[in-house]
Structures are given as structure tokens and as C-alpha cells.
Amino acid sequence: MADVVLNHIYKVYPNGVQAVTDFCINIKDKEFIVFVGPSGCGKSTTLRMIAGLEDITAGDLYIGNKLVNDIQPKERDIAMVFQNYALYPHMTVYENIAFSLKNRHMPKDQINKLVIEAAKILDIEDYLQRKPKEMSGGQRQRVALGRAIVRNPKVFLLDEPLSNLDAKLRASMRTEITKLHKKLATTFIYVTHDQVEAMTMGTRIVVMKKGFVQQIDTPTNLYDHPINKFVAGFIGTPQMNFFDSTLIHLQDKVEITFEDKQKMVLPFSDFVKCDSEYIDGKTNVTLGIRPDNVKIAEKKGQDTIDVIITSMEKLGNETLIYCDLGNVVTTDENVTKSSIIIKTTPDYEGKIGDIIAVKFNGALLQIFDKETEVSLMPYFPTYSRVTLEIGEKEMALFDQKIAIPSAFKTLKKGKYTVKIPNDSISDGKDFGLECYMCEKMEENKYLITLKANNEYVFATSPVAITKGDIVHFDVELEDIEFNKDVSIYPVKHEVEAEGHFVKSKEKSENGKHTVNFYAEIASAQCRVSANFISRFVNIEGRRSLSANYRLKFVPKLLETSENAMAHKVLDILDYGRKQYLKAEIGKSVCYIDITSKYDKKKKDYDFSFDDTQPIAVYTLDTNVKII
Ligand code: ADP
């Protein structure tokens, strides 16, 4: 039993293929995690890195709180089950299961006890004297599972274990493995390319594409709130319907215009989480709706569009209707029309050629950016887009006035559309808005939607808040992001600059010579631990002390200029509650929080590494985290 933590894991094969990029997950003890994605997306590579069968290029892997990057597979306390069961053909089932225990010189009676126990769990007690060739595919896979069970591992790793079985057996083995997980109460990590398998088995699912994690979520959230168009299309059969469209906000409604100019009107409450910039009547967006969320309407209305049935599939328990948008059959081959699939009841009596009115379940509508394909209406929005109005002496956010901080003094009078990250809204007293909605996201994490006049603001809270209550809060003004045409940028909280590592031979107190290592940026040095440098050298080899890296560090303001980082002052930004020094270190622009030592008359501040905090190292060009 163990947690498995992947911390910024990368895999670059010797041939240059970057198979896995920045994989981060905290797999909790007893979880059933499934990695899913199309072939070649890096699922097996990740699993093999966890197993220790593949070196980790960069990042940290922990099993049960222990860093295992350099630990041998057999010492990781894991068991792996593969697609091809890899049973020894000349041995009986009993011998196959007992094999690894015998190798460990376990006493015979103990082996016997474990094998019988495993065989009981897997329901193969009657086959223990058979050879693998006398068994079916499903039974053989059970033997492979038995071999893993007897080792009593902390973590089970399963790589497409069912893909050699036929469809029927696969379905029953799925249930078997889910039951096995419950019985053993151990962490399971399961790889598959089959989204149905993932959805039915995983407590959480990791969807991957081309080496990148797309979304890590529960099956329900993946289905109802996909993070982008790829996840939306990959999960669910038949696939989600997608349409090109534009949206416009009309009082308390939103009007959708489809490619064929048909319009559908839905309540604005369905679009609260959608970035308002996209509801402007001209920006093209991709609309997504699952076949089960399209309903056949009894009559035409503002909330319906017409579609024409082009084919039907009666599946017994349900009927799939394939339609084209619009109410005329197009004969011109050059005109492409959006198609739409509708899932309906088996008794549906429509026929090909019928024109029907359909409506959408607006609460489960998805909207994606046409270019980036990112969801514009995420389940958990991370920012709010609101209006900031600069007046004569004050400025207004959510129509509530506060003083204009001097960092915004270059802004002309007028209205600006700005983005405010959720994390930048905290308890306070500058603003007060009514709670419109409160949703539990995870343990001790609630998404709070606050209602301003015509705008909605998102914040996260560790406690639930009652609808209608007034919430008082402050906004970290330094995090506000303006549109591109305004040259005021949000403060970057991570300080990063180009640097390198140096070795120094020093005399210690007892007169002996010792070798110490330092990170060095702009003439300032910070000693790094022997453990840090040995892991770093392990990954980077000879270049470690000659190459330059991008270092991320926590800065510390200094009393004197000793060991200060050489920098050029670009500005001192005063946001009222907080102040930052904007400085250039080498070629990088960095922001240093000087609030604790802020003095209006002071034009510069000395700072260096906070040597009690860790330093993160990235490659200069490819931005891969090394350590
Ligand atoms: P999946 O399990 O999702 O099908 P893999 O993890 O097997 O994907 O592969 C991810 C990528 O890494 C693919 O592009 C694959 O071709 C490449 N790859 C896998 N193994 C090796 C290897 N030993 N050497 C070089 N490239 C590899």
C-alpha cells in the first residue's frame, strides 16, 4: 500500500523522442488510476518508468514517500502485469505463480499458503496443475495476476492486460479486476487505449496526448467537463457533436448562431462560466454537445434548431439518429454541413428524411476556443474576466471604487477588460459581492461564483458559502492581466534567471579541505547540498559545471550588498498593499516582492537567494525541469 508521486517527470529516449513531458500526479494509496490515450502517447513509457524498467530523464518519482529514481525495479515493491502474460509454458499454473517466491527461497509451506490464497481470490484453484496452454486467454491472464498478487506489492502496474482477450471476456475481466482491486485494497495503475475500459475501471483517469497529460479527473468530470476538445472527443461513444458557431449575450439570454445561420436561444445562466470575451457575436467558437444531451423537441421554438435525419441505428436499448443541420437536403458536394448524432429511446419512430426540431441540455453544453481547442467553460474556471474602469481619482472593479495604485498610473481614463486569477482573490474588505453559486470541487476546496451587476467573479474558498450571502474580499492588484494593447503586465511570482553551478575548494573549521558547490546567478552564490549536486550531476553528467541553466529561486532582501545579485532596476511598482522591484537580471525580467522593506525614497534594493528554499533547475532552451 503506497502513494505514488510523479513530480515533473520527463522521458526523452536516446533517439531524441520526447515520449513524456512534465507529468505530475499524486496517486493516493488504494486509488485505481488509469492512463488512457491513443497509441504512442506515452502511457507505457510512464508506467515503465514507475516500474523502474525505463530510466527517468528528469523529475522525481516517489513510491510510499521514498524517492525511487535510482532504485532497482525489484526493490520498488511493485508488481507488473503485461498484455502478453509471459507465463512459462513448461511450468504448471502452480509453479508459475510460485516462481518468484521460490527464487526468494521462501519456505515451501509459506509458498503453498500464498499460492492457494491467490488462486482462491482469482477463482483458479481447480487449474493449479494445468499447463498454460490448457487454459483460455482469460484464465491465463488470471495466472499472470496471481503471480503479481503473491508478491504482495505496494503497487500493481497493469499494461493493457486485457487487449489480447475477445470483447466478451474483456468485459467480464474488467469487473474481475475492479473486484480484485477492492479485495486487495492496494494502489492500481492501469494502462489502456480503450476509453470504455478507462471509464468503467478508474477512480481517476489520466488522459494523455503526444506525451502531455491533458486532464486528470474522475470519469464523471471527464465526461461532463472535458478540459479541451481532444478530451471531449476521446471520451464517450458516439463522439461528442461539435459545431462552429458564434455567441451573443442578449440581456439574460445567449443566442447561438450555427454555421447554417440557424439560431438557438438559451438562458445566460448556462454560460456563467464561459469567458465573456467569446460571447461577443463575432468570435468563432466550437460548441460541443454529447448525443445524450440533445433532445427531440415536441415543437419548434427559440431554443430549438432544425435537423434532417440522414440515417438511423436501432441498437435495441437505444436508437442513434444521424442528422445534418438545417432543413434542406444539400445536393451540392461542396457544401459541408455539420452533422449531429442524437441518442434517443428504442421506440423512436422517426424516419430518414424527416425534419425534426431538437434542443440542447444547456447545462452540459461545452464551448472551446476554435484555435487552441481549450474549454472556455471549464468546470473549475481559474480566472474571471471583468471590467476595470479608471476614473478621475479612483478606479472601479465590479462597480465598486478603490484608489488607483501608482503601478496603474499610466492608464488613461476609461474601461478595460481584465483577467483576475481566482487565487488572487482572498478574504478582505475592499469589495463585497453576493454569492451566486457554491460548488464543492474537492475536500476543503469550493468554487464560489460571485455576482456583480452584469459580471461574474470566481474565487476559491476552503469553506462552503451560502447562496445569497455577501462575501467580502480583496484582489491582489499585481496579478491583474490587461489586454495586450496595455503595457501593464501581471507580476510573475517566480523569480527566474540564467545561472550556472560552480565548485569551490574550501578550508573548513577543522583545517581540512572540503569541496562545496554553489548555484551562481549574476555574481551571487547560494550553496547547494551534496545530495542536490549528486542528483544533478547524475542527470546532466559532465556538462553540469560548464553549461548555463534557467534557475528558479525564492529571493531574499538583503541588509547589505554582500552577495547581492547584480541587476538593473527597471521600475518600482506600488500596488497599494504590495510593492515589487522590477529588475533585469542578465536577460530576464524578474519581480521581487519588497513589501517588507518598502521605503518610498529608496530607488533600489539588494537581494539574493533565500538559501533556506530549494532552487529549481531548467534547461535553457527546451524548458525541461532537471531538478
Ligand atoms: P503508448 O504506451 O501510449 O502507446 P509509448 O509509451 O509506448 O506509448 O511510446 C511513446 C513514444 O515513445 C512513441 O512515440 C514511441 O514511438 C516512443 N518510444 C517508445 N519506446 C521507445 C524506445 N525504446 N526508443 C525510442 N522511442 C520509443
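**Exercise 1. Locate Pro 238 and describe the peptide bond before it.**

Solution. Pro 238 sits in the loop that runs between helix 8 and strand 11 (241-250). The structure is a predicted model. Next, look at the bond to the preceding residue: Thr 237 and Pro 238 are joined by a cis peptide bond, with omega at about -10°. For context, most peptide bonds are trans.

**Exercise 2. Place Asn 228, state whether Asn 228 is buried or exposed, and find the backbone atom that its side chain reaches.**

Solution. Step one, position: Asn 228 belongs to the loop between helix 7 (219-224) and helix 8 (229-234). Step two, accessibility: the relative accessible area of Asn 228 is 11%. The cut-off for buried is under 20%, so Asn 228 is buried at 11%. Step three, contact: the side chain of Asn 228 comes to 3.2 Å from the backbone nitrogen of Phe 230.

**Exercise 3. For Asn 65 and Ser 523, give the sign of phi, the location and the exposure class.**

Solution. Start with the expectation: most residues other than glycine have a negative phi. Asn 65 has a phi near 70°, which is positive in a residue other than glycine. Asn 65 is in the loop between strand 4 (58-63) and strand 5 (66-67). The relative accessibility of Asn 65 is 73%; exposed requires over 50%, so Asn 65 counts as exposed.

Now Ser 523. Its phi is positive too, about 70°, although Ser 523 is not a glycine. The loop that holds Ser 523 lies between strand 31 (513-521) and strand 32 (524-528). With 58% relative accessibility, Ser 523 counts as exposed.

**Exercise 4. Count the salt bridges, then work through the pair Asp 29 and Lys 30.**

Solution. The criterion is a side-chain nitrogen of Lys or Arg within 4 Å of a carboxyl oxygen of Asp or Glu. Applying this criterion gives 29 salt bridges. For Asp 29 and Lys 30, the closest N and O atoms are 3.4 Å apart, and the pair forms a salt bridge. Asp 29 is partly exposed, at 27% relative accessibility. Lys 30 is also partly exposed, at 40%.

**Exercise 5. Which parts of the chain does the salt bridge between Asp 275 and Arg 385 tie together?**

Solution. First check the distance: the closest N and O atoms of Asp 275 and Arg 385 are 2.5 Å apart, and the two residues form a salt bridge. Then place each partner. Asp 275 is in the loop between strand 13 (263-267) and strand 14 (285-289), while Arg 385 is in strand 21 (residues 383-390), so the bridge ties together parts that are 110 residues apart in sequence. Finally, both Asp 275 and Arg 385 are buried.

**Exercise 6. Analyse the salt bridge between Glu 494 and Lys 552, and name the network that contains these residues.**

Solution. The closest N and O atoms of Glu 494 and Lys 552 are 3.3 Å apart in this salt bridge. The pair links distant parts of the chain, 58 residues apart: Glu 494 is in the loop between strand 29 (481-482) and strand 30 (495-507), and Lys 552 is in strand 33 (residues 549-553). The accessibility of each partner is then read off. Glu 494 is partly exposed, at 48% relative accessibility. Lys 552 is buried, with a relative accessible area of 16%. The network of salt bridges links Glu 494, Glu 496, Arg 550 and Lys 552.

**Exercise 7. Describe the surroundings of the ligand and the contacts to its oxygen atoms.**

Solution. List the shell: Tyr 13, Asn 15, Val 17, Ala 19, Pro 38, Ser 39, Gly 40, Cys 41, Gly 42, Lys 43, Ser 44 and Thr 45 are the residues around the ligand. Classify them: five are nonpolar, six polar and one charged. Helix 1 (residues 43-51) supplies the largest share of the shell, three residues.

Next come the contacts. A polar backbone atom of Gly 40 is 2.6 Å from an oxygen atom of the ligand. A backbone N or O atom of Cys 41 is 3.0 Å from a ligand oxygen. For Lys 43, a polar side-chain atom lies 3.0 Å from an oxygen atom of the ligand. On its own the ligand has 560 Å² of accessible area, of which the protein covers 62%.

**Exercise 8. List the domains and give the distance between the C-alpha centres of domain 2 and domain 4.**

Solution. The domain assignment gives domain 1 (4-229), domain 2 (234-369), domain 3 (383-482) and domain 4 (495-618). The C-alpha centres of domain 2 and domain 4 are 55 Å apart.

Terms used
Residues numbered from 1 in each chain as written. Predicted model: local features only at pLDDT ≥ 70, side-chain atom pairs only at ≥ 80, totals over all residues. Heavy atoms only, no water. Buried < 20%, exposed > 50% of the residue type's maximum accessible area, 1.4 Å probe, protein only. Helix = DSSP H or I, 4+ residues; strand = E, 2+ residues; numbered from the N terminus. Near = heavy atom within 4 Å. Polar contact = N/O pair within 3.5 Å; in protein donor to acceptor, adjacent residues only side chain to side chain. Areas by Shrake-Rupley, 256 points an atom, 1.4 Å probe, with all protein chains shown as cover. Nonpolar A, V, L, I, M, F, W, Y, C, P; charged D, E, K, R; others polar. Domains from an automatic or database assignment.
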